[in-house]
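Visitor: Good morning. I am new to this structure and would like to be shown around it.
Guide: Certainly; please have a look at it before we begin.

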Amino acid sequence: MTAQTWGAFQSANENAKGVRKTLGAALFLAPEDAEVPGDLVDATGLMVNSLPTGYLAVGLLSPDGINHERETDSEGVEALGHLAPVREDVTGDSRNITFTALETVRANVVALVEGITLPEVAASGLVKYEVPDFPQNKFYRCVAITFDGSTTEPWFESKFYPRVSVTSFPSEAWSKSDARAFEIGLKAYTDSELGYIKAEQKGGLGFKKNAAALGWTIAP
(Lines give C-alpha, C1' and ligand atoms only; values in the text may rest on other atoms or scores of the structure.)
Protein backbone atom coordinates (compact mmCIF):
# COMPACT_ATOMS: atom_id res chain seq x y z
CA MET A 1 0.00 0.00 0.00
CA THR A 2 1.39 3.37 -1.06
CA ALA A 3 0.48 6.49 0.90
CA GLN A 4 -0.21 9.72 -0.99
CA THR A 5 -1.02 13.30 -0.19
CA TRP A 6 -4.61 14.25 -0.91
CA GLY A 7 -3.51 16.37 -3.88
CA ALA A 8 -1.68 13.44 -5.48
CA PHE A 9 -4.51 11.05 -4.69
CA GLN A 10 -7.08 13.40 -6.23
CA SER A 11 -4.98 14.04 -9.34
CA ALA A 12 -4.55 10.30 -9.89
CA ASN A 13 -8.30 9.71 -9.84
CA GLU A 14 -9.61 12.66 -11.85
CA ASN A 15 -9.28 13.78 -15.47
CA ALA A 16 -10.67 17.11 -16.60
CA LYS A 17 -10.60 15.85 -20.20
CA GLY A 18 -13.59 13.70 -19.30
CA VAL A 19 -15.73 16.81 -18.76
CA ARG A 20 -17.36 17.60 -22.09
CA LYS A 21 -19.77 20.21 -23.42
CA THR A 22 -21.77 20.52 -26.61
CA LEU A 23 -20.31 23.21 -28.86
CA GLY A 24 -22.49 22.13 -31.75
CA ALA A 25 -25.12 19.51 -32.46
CA ALA A 26 -27.31 18.26 -35.28
CA LEU A 27 -30.33 15.99 -35.41
CA PHE A 28 -31.41 13.93 -38.41
CA LEU A 29 -34.54 11.91 -39.19
CA ALA A 30 -35.08 9.27 -41.87
CA PRO A 31 -37.81 6.82 -42.88
CA GLU A 32 -38.01 3.78 -40.58
CA ASP A 33 -36.62 1.50 -43.31
CA ALA A 34 -33.56 3.68 -44.03
CA GLU A 35 -30.06 2.19 -43.92
CA VAL A 36 -28.39 2.03 -40.51
CA PRO A 37 -25.57 4.61 -40.25
CA GLY A 38 -21.99 3.36 -40.37
CA ASP A 39 -18.89 4.67 -38.58
CA LEU A 40 -19.28 8.16 -37.14
CA VAL A 41 -15.82 9.48 -38.05
CA ASP A 42 -13.29 8.93 -40.83
CA ALA A 43 -9.89 7.28 -40.41
CA THR A 44 -8.19 10.58 -39.51
CA GLY A 45 -10.60 11.25 -36.66
CA LEU A 46 -10.96 14.81 -37.91
CA MET A 47 -14.15 14.60 -39.96
CA VAL A 48 -17.65 13.18 -39.65
CA ASN A 49 -18.76 10.65 -42.23
CA SER A 50 -21.89 11.35 -44.27
CA LEU A 51 -25.11 9.66 -43.26
CA PRO A 52 -26.88 7.27 -45.64
CA THR A 53 -29.45 8.51 -48.13
CA GLY A 54 -32.72 9.61 -46.58
CA TYR A 55 -31.43 11.24 -43.39
CA LEU A 56 -32.57 14.87 -43.31
CA ALA A 57 -31.45 17.45 -40.76
CA VAL A 58 -34.03 19.38 -38.75
CA GLY A 59 -31.75 22.42 -39.02
CA LEU A 60 -31.08 25.09 -36.43
CA LEU A 61 -31.88 24.20 -32.82
CA SER A 62 -32.53 26.36 -29.78
CA PRO A 63 -29.69 26.79 -27.23
CA ASP A 64 -31.36 24.13 -25.06
CA GLY A 65 -29.99 21.62 -27.56
CA ILE A 66 -31.04 17.98 -27.76
CA ASN A 67 -32.22 16.32 -24.57
CA HIS A 68 -31.94 12.55 -24.24
CA GLU A 69 -34.31 11.67 -21.43
CA ARG A 70 -34.60 8.36 -19.59
CA GLU A 71 -37.47 7.49 -17.25
CA THR A 72 -37.50 4.31 -15.17
CA ASP A 73 -40.08 2.75 -12.88
CA SER A 74 -39.34 0.19 -10.21
CA GLU A 75 -41.25 -1.98 -7.79
CA GLY A 76 -39.91 -3.01 -4.39
CA VAL A 77 -40.52 -6.17 -2.41
CA GLU A 78 -41.07 -5.50 1.29
CA ALA A 79 -40.39 -8.01 4.05
CA LEU A 80 -41.59 -8.28 7.60
CA GLY A 81 -39.17 -6.68 10.03
CA HIS A 82 -37.38 -4.63 7.35
CA LEU A 83 -37.96 -0.93 6.78
CA ALA A 84 -36.33 -0.89 3.33
CA PRO A 85 -37.35 -3.15 0.42
CA VAL A 86 -35.32 -6.36 0.26
CA ARG A 87 -35.53 -6.42 -3.53
CA GLU A 88 -36.11 -3.81 -6.24
CA ASP A 89 -37.04 -4.66 -9.84
CA VAL A 90 -37.15 -2.27 -12.79
CA THR A 91 -40.66 -2.45 -14.27
CA GLY A 92 -40.39 0.28 -16.89
CA ASP A 93 -37.62 1.98 -18.85
CA SER A 94 -38.48 4.53 -21.54
CA ARG A 95 -36.31 6.89 -23.57
CA ASN A 96 -37.37 10.19 -25.08
CA ILE A 97 -35.68 12.82 -27.22
CA THR A 98 -36.77 16.46 -27.02
CA PHE A 99 -35.56 19.47 -28.98
CA THR A 100 -36.76 22.82 -30.26
CA ALA A 101 -36.49 23.35 -34.02
CA LEU A 102 -36.10 26.95 -35.14
CA GLU A 103 -36.53 26.39 -38.89
CA THR A 104 -40.31 26.11 -38.79
CA VAL A 105 -40.73 26.35 -42.56
CA ARG A 106 -38.24 23.58 -43.35
CA ALA A 107 -40.21 20.98 -45.33
CA ASN A 108 -39.23 17.87 -43.39
CA VAL A 109 -39.88 19.61 -40.06
CA VAL A 110 -43.39 20.58 -41.15
CA ALA A 111 -44.01 17.00 -42.30
CA LEU A 112 -42.77 15.72 -38.93
CA VAL A 113 -45.00 17.86 -36.73
CA GLU A 114 -48.08 17.59 -38.94
CA GLY A 115 -47.72 13.90 -39.74
CA ILE A 116 -48.16 14.42 -43.46
CA THR A 117 -46.44 13.46 -46.70
CA LEU A 118 -44.70 16.41 -48.29
CA PRO A 119 -46.57 17.98 -51.23
CA GLU A 120 -44.82 19.57 -54.18
CA VAL A 121 -44.43 23.32 -54.57
CA ALA A 122 -46.38 24.67 -57.52
CA ALA A 123 -44.65 26.59 -60.28
CA SER A 124 -46.16 29.76 -58.81
CA GLY A 125 -44.21 29.11 -55.58
CA LEU A 126 -47.28 28.10 -53.58
CA VAL A 127 -47.50 24.94 -51.50
CA LYS A 128 -50.77 23.54 -50.15
CA TYR A 129 -51.43 20.73 -47.71
CA GLU A 130 -54.25 19.55 -45.48
CA VAL A 131 -53.78 18.27 -41.93
CA PRO A 132 -55.90 15.28 -40.84
CA ASP A 133 -57.98 15.44 -37.67
CA PHE A 134 -56.05 12.53 -36.18
CA PRO A 135 -52.24 12.57 -36.66
CA GLN A 136 -50.68 9.55 -38.32
CA ASN A 137 -48.44 7.50 -36.06
CA LYS A 138 -45.42 7.57 -38.34
CA PHE A 139 -42.09 6.05 -37.37
CA TYR A 140 -38.60 7.29 -38.18
CA ARG A 141 -34.93 6.59 -37.61
CA CYS A 142 -33.18 9.32 -35.59
CA VAL A 143 -29.51 10.31 -35.34
CA ALA A 144 -28.16 13.00 -33.00
CA ILE A 145 -24.52 14.12 -33.33
CA THR A 146 -22.60 16.40 -30.98
CA PHE A 147 -19.24 18.16 -31.37
CA ASP A 148 -16.75 19.37 -28.76
CA GLY A 149 -13.07 20.22 -28.65
CA SER A 150 -11.45 21.89 -31.65
CA THR A 151 -11.08 21.39 -35.38
CA THR A 152 -7.62 19.87 -34.83
CA GLU A 153 -8.64 17.65 -31.89
CA PRO A 154 -12.39 17.12 -32.16
CA TRP A 155 -14.59 15.01 -29.91
CA PHE A 156 -17.65 13.55 -31.62
CA GLU A 157 -20.50 11.53 -30.18
CA SER A 158 -23.63 10.13 -31.78
CA LYS A 159 -26.81 8.48 -30.60
CA PHE A 160 -28.78 6.42 -33.09
CA TYR A 161 -32.38 5.54 -32.33
CA PRO A 162 -33.58 3.03 -34.94
CA ARG A 163 -37.30 3.60 -34.28
CA VAL A 164 -38.94 6.75 -32.94
CA SER A 165 -42.28 8.52 -33.27
CA VAL A 166 -43.54 11.98 -32.38
CA THR A 167 -45.35 11.94 -29.05
CA SER A 168 -45.21 15.63 -28.13
CA PHE A 169 -46.56 17.96 -30.79
CA PRO A 170 -45.72 21.67 -30.69
CA SER A 171 -47.82 24.75 -30.35
CA GLU A 172 -46.94 27.64 -32.65
CA ALA A 173 -46.85 31.28 -31.61
CA TRP A 174 -46.87 34.07 -34.18
CA SER A 175 -45.51 37.16 -32.48
CA LYS A 176 -43.29 40.11 -33.25
CA SER A 177 -40.95 39.61 -30.30
CA ASP A 178 -39.85 35.99 -30.65
CA ALA A 179 -38.78 33.74 -33.48
CA ARG A 180 -41.20 30.95 -34.23
CA ALA A 181 -40.13 27.57 -32.87
CA PHE A 182 -41.38 23.99 -32.62
CA GLU A 183 -40.83 22.11 -29.36
CA ILE A 184 -40.87 18.47 -30.42
CA GLY A 185 -40.79 15.30 -28.37
CA LEU A 186 -39.87 11.87 -29.73
CA LYS A 187 -40.28 8.50 -28.06
CA ALA A 188 -37.82 5.70 -28.81
CA TYR A 189 -38.80 2.07 -29.30
CA THR A 190 -36.79 -1.12 -29.68
CA ASP A 191 -36.31 -2.10 -33.30
CA SER A 192 -37.37 -5.74 -33.56
CA GLU A 193 -34.95 -6.52 -36.39
CA LEU A 194 -31.90 -4.76 -34.96
CA GLY A 195 -32.68 -5.82 -31.40
CA TYR A 196 -31.85 -2.57 -29.63
CA ILE A 197 -33.40 0.78 -28.70
CA LYS A 198 -30.26 2.90 -29.05
CA ALA A 199 -26.70 2.66 -30.40
CA GLU A 200 -23.91 5.09 -29.48
CA GLN A 201 -20.53 6.03 -30.90
CA LYS A 202 -17.72 8.16 -29.47
CA GLY A 203 -14.77 9.18 -31.58
CA GLY A 204 -12.62 11.88 -33.06
CA LEU A 205 -8.92 12.61 -32.67
CA GLY A 206 -9.43 14.38 -29.35
CA PHE A 207 -11.27 11.38 -27.93
CA LYS A 208 -8.71 8.94 -29.35
CA LYS A 209 -5.80 10.73 -27.67
CA ASN A 210 -7.50 10.64 -24.27
CA ALA A 211 -9.42 7.36 -24.48
CA ALA A 212 -6.90 5.26 -22.52
CA ALA A 213 -6.63 7.85 -19.75
CA LEU A 214 -10.42 7.83 -19.46
CA GLY A 215 -10.58 4.08 -18.98
CA TRP A 216 -11.25 2.84 -22.51
CA THR A 217 -9.31 -0.19 -23.73
CA ILE A 218 -7.38 0.56 -26.91
CA ALA A 219 -7.29 -2.19 -29.52
CA PRO A 220 -3.77 -3.28 -30.59
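Guide: Let us start with the aromatic rings, for which a term is needed: rings of Phe, Tyr and Trp (its six-membered ring) count as a pair if their centres lie within 6.5 Å. Please keep in mind that this is a predicted model.

Visitor: How many aromatic pairs does the whole structure have?
Guide: A search of the whole structure gives five aromatic pairs. In one of them, the ring centres of Trp155 and Phe207 are 6.0 Å apart with the planes at 80°, so this pair is edge-to-face. Trp155 belongs to strand E6 and Phe207 to helix H3 (residues 205-210), so the pair links distant parts of the chain, 52 residues apart.

Visitor: Buried or exposed, those two, Trp155 and Phe207?
Guide: Both Trp155 and Phe207 are buried. Phe207 also pairs with Trp216: the centres are 6.1 Å apart and the planes stand at 65°, so this pair is edge-to-face as well. Trp216, at 47% relative accessibility, counts as partly exposed. Ring pairs thus link Trp155, Phe207 and Trp216 into a cluster.

Visitor: And which residue lies over the face of Trp155?
Guide: That is Arg20, at 3.8 Å from the ring centre of Trp155. In another case, Arg163 lies over the face of Phe139, at 3.7 Å from the ring centre.

Visitor: Which side chain does Arg20 meet in a salt bridge?
Guide: The partner of Arg20 is Asp148, with 2.9 Å from N to O. Arg20 sits in the loop between helix H1 (6-12) and strand E1 (24-31), while Asp148 is in strand E5 (residues 139-149), so the salt bridge ties together parts that are 128 residues apart in sequence. Arg20 is partly exposed, at a relative accessible area of 29%, whereas Asp148 counts as buried at 8%.

Visitor: How many salt bridges are there by this rule?
Guide: The count comes to 12 salt bridges. As a general point, side chains of opposite charge can pair when their charged atoms come close. Another of these salt bridges is between Asp191 and Arg141, at 3.5 Å from N to O. Asp191 lies in the loop between strand E7 (182-188) and strand E8 (199-203) and Arg141 in strand E5, so this pair joins parts that are 50 residues apart in sequence. Asp191 and Arg141 are both buried.

Visitor: What about Glu200; with which residue does it form a salt bridge?
Guide: Glu200 forms one with Lys159, and their closest N and O atoms are 2.9 Å apart. Glu200 is in strand E8 and Lys159 in strand E6 (residues 154-168), so the pair ties together parts that are 41 residues apart in sequence. Through shared partners, salt bridges join Glu157, Lys159, Lys198, Glu200 and Lys202 into one network.

Visitor: Strand E6 keeps coming up. How many of its residues are buried?
Guide: Strand E6 is mostly covered, with 11 of its 15 residues buried.

Visitor: How do E5 and E6 run, and how many bridges join them?
Guide: E5 and E6 run antiparallel and are joined by 10 bridges. A hairpin through four residues connects E5 to E6, and Phe147 stands opposite Phe156 in E6. E6 also pairs with E8 in the antiparallel sense, over five bridges; there, the bridge partner of Phe156 in E8 is Gly203. Finally, four bridges join E6 to E7, which run antiparallel, and Ser165 has Lys187 as its bridge partner in E7.

Visitor: A change of topic: how many residues has the largest nonpolar core?
Guide: The largest nonpolar core has 22 residues, and those with the most contacts inside it include Leu27, Phe99, Val164 and Ile184. E1, strand E4 (87-101), helix H2 (107-114), E5, E6 and E7 each supply at least two residues. Of these, E7 gives the most, with four residues.

Visitor: What does Phe99 touch?
Guide: Leaving out residues up to four places away in sequence, Phe99 touches ten residues' worth of surroundings listed here in part: among them Leu27, Val58, Leu112, Phe182 and Leu186.

Visitor: Which residues does a second, separate core include?
Guide: The second core has 10 residues, including Ala30, Leu40, Val41 and Val143.

Note on methods: Residues numbered from 1 in each chain as written. Predicted model: local features only at pLDDT ≥ 70, side-chain atom pairs only at ≥ 80, totals over all residues. Heavy atoms only, no water. Salt bridge = Lys/Arg side-chain N within 4 Å of Asp/Glu carboxyl O. Buried < 20%, exposed > 50% of the residue type's maximum accessible area, 1.4 Å probe, protein only. Phe/Tyr/Trp six-rings, centres within 6.5 Å; stacked < 30°, edge-to-face > 60°. Lys NZ or Arg CZ within 6 Å of the ring centre and 35° of its normal. Core = buried A, V, L, I, M, F, W, Y, C linked by side-chain atoms within 4.5 Å. Contact = heavy atoms within 4.5 Å. Pairing = 2+ DSSP bridges.
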